[in-house]
Amino acid sequence: SVASSPRRTTVEEPLLLAELKPGRPHQFDWKSSCETWSVAFSPDGSWFAWSQGHCIVKLIPWPLEEQFIPKGFEAKSRSSKNDTKGRGSPKEKTLDCGQIVWGLAFSPWPSPPSRKLWARHHPQVPDISCLILATGLNDGQIKIWEVQTGLLLLNLSGHQDVVRDLSFTPSGSLILVSASRDKTLRIWDLNKHGKQIQVLSGHLQWVYCCSVSPDCSMLCSAAGEKSVFLWSMRSYTLIRKLEGHQSSVVSCDFSPDSALLVTASYDTNVIMWDPYTGERLRFLHHTQLDPPMDDSDVHISSLRSVCFSPEGLYLATVADDRLLRIWALELKTPIAFAPMTNGLCCTFFPHGGVIATGTRDGHVQFWTAPRVLSSLKHLCRKALRSFLTTYQVLALPIPKKMKEFLTYRTF
């Protein structure tokens, strides 16, 4: 059944480009763990953050140094490396967070240098005119780091339990959303000394995941519940609950144009939604490739993570059946698989071509991802949907087929 996909032959299986493993084993107390719960690329693609377990986050300049790349392979993203020579290449940093790290998020873009000059003359104001990394910790704290120097800028207190996930608004306003096991989401303004500006309550279980739409209008949150919450980022009120999963939802992501939302659940399904109407557009069911050899758990295909590719034509999912899957937006079966054990999270490189995955063993693996030249049709749809809601598209005086394409209803 896997081979029946019409385009399967045109996509290569993901190749393992590199694997990062924690260094010498740390002699920590038994409470410390080695899981890589989160991995992240900076939006400009120049840094990779890896929560490698044992309270440590590694900040690694991208592209990776030669020693991590297998012989005979030259990553396409390495072409920029020569440009940085002679200007003092950035160095790898180790951030000791003092607690197990669950969530990671980079700020969108460094602010203009004029802000940095202003901050230098006002030392009491934290300098956050630079690229920053937020880390969500086991004790409910959120630590804010300056990427270039590895210095701690702010410590945000408020959550009463593990901070499981973090998401910046993509606009560059330095508004940070945090999701916690204390069943709340909190909104912080890093331009105002990390002031907490809102607490979002309503979930009855641990909040696993939060995602802000690229147009900054919506926030999706997934807790250990069957429904997904969609919030307004303007009024911080609940817009709607999305019902459709049969088990806990653990991961969510918006498409680059904000027109689609995907959610992944322990029920082995990804659901693709129209966030504006609440409509379920597609189910992506994770069936096992091979029958289990033993009487293993019925939930062996439980999902852990789902994410959109940067151009919005592919999805990646990580499940407990030891597979990384890549899906094309318009097809119901995966177009490619890669074997990976104990996968917990996945994310695309912002310029495409690479997927990073984190594992329960504290490892990070980098895989090749499909490189695609977006069609003019898709580019136009993406441009229009970046500022038009579904309802606004449906109100346009254009043919029905065009409306269906623009609202992703031509699957």
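## A quick tour: repeats, strands and a cavity

Let's start with residues 133-155: this stretch is 0% helix and 61% strand, and its two end C-alpha atoms sit 12 Å apart. Keep in mind that you're looking at a predicted model. From here we'll go through the annotated repeats, one open sheet, a strand hairpin and a cavity.

**Repeats in the record**

- The unreviewed UniProt entry marks the feature "repeat: WD" at residues 133-155, 156-191, 200-241, 242-283 and 296-330.
- Take residues 156-191, one of those stretches: the chain there is 0% helix and 50% strand, with 13 Å between the end C-alpha atoms.

**An open sheet of four strands**

- Strands S14, S15, S16 and S17 line up in the order S14-S15-S16-S17, and their pairing is antiparallel.
- Who ends up at the edges? Strand S14 (207-212) and strand S17 (238-242) do; each has a single partner strand, so one side of each has no neighbour in the sheet.
- The sheet isn't flat-out parallel in its axes, either: on average, neighbouring strands are turned by 20° against each other, ignoring direction.
- Zoom in on one pair, and you'll find S16 (residues 228-232) joined to S17 by four bridges in the antiparallel sense.
- Within that pairing, Leu-230 has Arg-240 of S17 standing opposite.

**The S26 and S27 hairpin**

- Is strand S26 (residues 343-348) largely enclosed or left open? Six of its six residues are buried, so the rest of the structure largely encloses this strand.
- S26 pairs with strand S27 (residues 354-359) in the antiparallel sense, and this pairing runs over five bridges.
- If you want one bridge to look for, try Phe-348, whose partner in S27 is Ile-355.
- Five residues lie between the two strands of the hairpin, and there Gly-352 takes a positive phi near 85°.

**A cavity that shares residues with the hairpin**

- How many cavities of 30 Å³ or more turn up in a search of the whole structure? There are two.
- The second largest of them holds about 30 Å³ of space.
- You've already met two residues of its lining: Phe-348 and Gly-352 both help line the second largest cavity.
- The rest of that lining is Ser-309, Pro-310, Glu-311, Tyr-314, Gly-353, Ala-369 and Pro-370.
- Sorted by type, the lining residues of this cavity come out as five nonpolar, three polar and one charged.

Definitions and conventions: Residues numbered from 1 in each chain as written. Predicted model: local features only at pLDDT ≥ 70, side-chain atom pairs only at ≥ 80, totals over all residues. Heavy atoms only, no water. UniProt positions renumbered as here; feature names shortened; annotations may be inferred. Pairing = 2+ DSSP bridges. Axes fitted to C-alpha atoms, helices over the stretch in contact; angles between N-to-C directions. Buried < 20%, exposed > 50% of the residue type's maximum accessible area, 1.4 Å probe, protein only. 1 Å grid on protein atoms, 1.4 Å probe; cavity = no way out; pocket = protein on both sides within 12 Å on 5 of 7 lines; lining within 4 Å. Points joined across faces, edges and corners; volume = space filled by probe spheres on them. Nonpolar A, V, L, I, M, F, W, Y, C, P; charged D, E, K, R; others polar.
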